[in-house]
Amino acid sequence: MEAKIKAFMDEVKTRNGHEPEFIQAVQEVAETVIPYIASNEIYNGKNILLRMVEPERLISFRVAWVDDKGEIHVNRGYRIQMNSAIGPYKGGLRFHPSVNASILKFLAFEQVFKNSLTTLPMGGGKGGSDFDPKGKSDDEVMRFCHAFMLELNRHIGPNTDVPAGDIGVGAREIGFLFGMYKKIRNEFTGVLTGKGLSWGGSKIRPEATGYGTVYFAQSMLKTKNNDVSGKTVVISGSGNVAQYAAEKVIQLGGKVVTMSDSSGFIYDKDGIDEDKLAFIMDLKNNKRGRISEYVDTYSAATFHKGEKPWGVKCDIAFPCATQNELGLEHAQQLMKNGCICVVEGANMPSTADAIHAFHKAKILFAPGKASNAGGVATSGLEMSQNSLRISWTREEVDERLKGIMSDIHDSCIEFGKEDDGYCNYVKGANIAGFVKVADAMLAQGII
Ligand code: NDP
């Protein structure tokens with residue numbers, strides 16, 4: 001089996017040699033899915049996985065825009081349309097200087113499995129730009145978003161490809177992008193998700209990824225007759241996912257002691273309560289400030305410049321910032337300090353060797369493609385509401401979100417439970433996600 005996986009990965013590396021994040025994401029899937037293919041006759045000899053690692057379409061384009069001083073800038077825009085076997089391409093847009101084809105291909109690839117796990121009819125895609133919204137005025141962000149959509153609009157549509165937000169793309173950016181799409185196409189459709197509530201957005205969509213991640217943690221802990229209440233929780237990030245993961249942990253009686261951004265982390269030994277979290281939300285979403293400013297107001301807390309929070313003693317860790325932010329040393333630190341559960345809010349925040357260490361120690365570990373699927377699931381619910389031209393209540397959407405997260409958890413158990421009773425959620429998520437897409441591809445023939 002190892003030889004089969006190696007031969008497959010050699011081929012992937014030959015074609016995508018300069019794309020380390022993409023190779024990392026494919027390797028993780030190959031290790032679990034290739035043995036499954038080998039033991040299931042219908043997938044044999046069809047090269048399904050090789051077809052799945054090749055994007056159906058990779059679009060790259062120039063985005064030229066003018067700053068407040070009249071200077072012209074050029075950024076690179078992308079849309080990766082990875083797989084449409086089970087529905088229109090669906091996945092977020094990321095605006096961050098680190099964005100390149102490798103990062104977007106890894107995200108698009110993961111998205112295919114994640115969207116399949118939600119049981120909703122959504123294919124996988126991802127896009128974005130190396131544009132950095134940080135330090136830009138609202139007008140500059142608007143001009144960039146408009147320029148970006150001038151090209152992107154011809155590749156997307158409510159039945160073709162439905163983008164959403166991701167790092168650097170929140171409510172403000174979705175508004176500007178939607179405005180330009182509507183103007184060019186002269187149609188008001190659900191072409192983007194994460195929209196404002198008064199113009200087609202779904203209730204709970206901003207909260208969904210963070211809330212869903214914590215609901216998933218609850219399901220995992222339940223298998224050990226445990227729950228979030230009374231637990232000390234370490235969270236990285238202070239953006240959309242981190243904020244709402246923190247909010248749900250607090251609501252369920254857990255104590256959140258850290259949050260972070262790319263400059264470092266804050267540690268509040270007394271816990272970040274609802275008022276303190278409201279301060280962080282205002283700081284990040286309205287003032288667009290740095291997390292270090294927290295300690296100017298809450299002086300009992302400390303700021304740790306340039307560091308990650310994984311050395312802080314905790315029961316549960318939620319990495320909610322970015323890829324590869326939790327390495328082997330961090331994993332060892334967490335487990336040495338008694339951490340029993342690691343649940344990914346971000347996409348691929350743990351490195352491969354960190355994941356192997358969690359599995360070896362048999363602690364609860366959830367990969368983002370399962371535990372952070374609540375965001376795209378609620379985007380799927382937003383698409384349904386747009387198509388039906390109705391709006392569900394907060395309670396209705398939250399109940400559906402809880403149901404979807406619980407079903408994803410059950411699928412992971414179904415395909416990931418090992419002989420000794422330990423659940424390998426990575427294996428479970430990969431195989432459960434693969435089966436639905438692979439079956440659709442088989443049915444649709446070689447295209
Ligand atoms: P935001 O832009 O709202 O927040 C991102 C957070 O991560 C910020 O605190 C940011 O700090 C920090 N961060 C970004 N890059 C780095 C870096 N290189 N090193 C350290 N910290 C960094 O993004 P989201 O909260 O939406 O996304 C966070 C993660 O969750 C991503 O992996 C995303 O793909 C994933 N995700 C998001 C979903 C969603 O619905 N939004 C759905 C599913 C997954 P700073 O402000 O300093 O840059």
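Reader: What makes the pairing of Arg205 with an oxygen atom of the ligand a polar contact?
Author: A polar side-chain atom of Arg205 lies 3.0 Å from an oxygen atom of the ligand. A polar contact is a pair of N or O atoms within 3.5 Å (within protein, one must be able to donate a hydrogen and the other to accept it, and residues adjacent in sequence count only if both atoms are side-chain atoms). The Arg205 pair, at 3.0 Å, therefore qualifies. This is a predicted model, in which local features need pLDDT of at least 70 and side-chain atom pairs count only at pLDDT 80 or more, while totals for chains, interfaces and linings use all residues. Residues are numbered from 1 along each chain as its sequence is written, and side-chain values use heavy atoms, with hydrogens and water left out.

Reader: Which polar backbone atoms meet that limit with an oxygen atom of the ligand?
Author: Asn240 has a polar backbone atom 2.9 Å from an oxygen atom of the ligand, and Val241 has one at 3.0 Å. Taken alone, the ligand exposes 890 Å², of which the protein buries 84% (areas by the Shrake-Rupley method with a 1.4 Å probe; for residues, only the protein chains shown count as cover).

Reader: How many residues surround the ligand, and what makes a residue near?
Author: The ligand is surrounded by 26 residues, and the closest are Asp166, Thr209, Ser262, Arg290 and Asn347. A residue is near if one of its heavy atoms lies within 4 Å. Helix H7 (205–222), helix H8 (240–251) and strand S7 (255–261) each supply at least two residues of this shell (DSSP runs: helices H or I of at least four residues, strands E of at least two, numbered from the N terminus). At least three residues come from each of domain 2 (57–187) and domain 3 (208–371), with bounds from an automatic or database domain assignment.

Reader: Why are S11 and S12 called paired?
Author: Two strands pair if DSSP finds at least two bridges between them. Three bridges join strand S11 (residues 341–343) to S12, so the condition is met, and the two run parallel. The bridge partner of Cys341 in S12 is Leu364.

Reader: What is the order of the open sheet formed by seven strands, and which are its edge strands?
Author: The order is S9-S8-S7-S6-S10-S11-S12, with mixed pairing. Strand S9 (302–305) and strand S12 (364–366) are the edge strands because each pairs on one side only.

Reader: How do you know that S1 and S2 pair?
Author: Ten bridges join strand S1 (residues 57–66) to strand S2 (residues 72–83), against a requirement of at least two, so S1 and S2 pair; they run antiparallel. Arg62 stands opposite Arg76 in S2. Their hairpin has five residues between the strands, and Gly70 takes a positive phi near 90 degrees there. An open sheet of five strands has the order S1-S2-S4-S3-S5, again with mixed pairing. Its edge strands are S1 and strand S5 (161–164).

Reader: In which sense do S3 and S5 pair?
Author: Strand S3 (residues 89–95) and S5 pair in the parallel sense over four bridges, and Tyr89 has Asp161 in S5 as its bridge partner.
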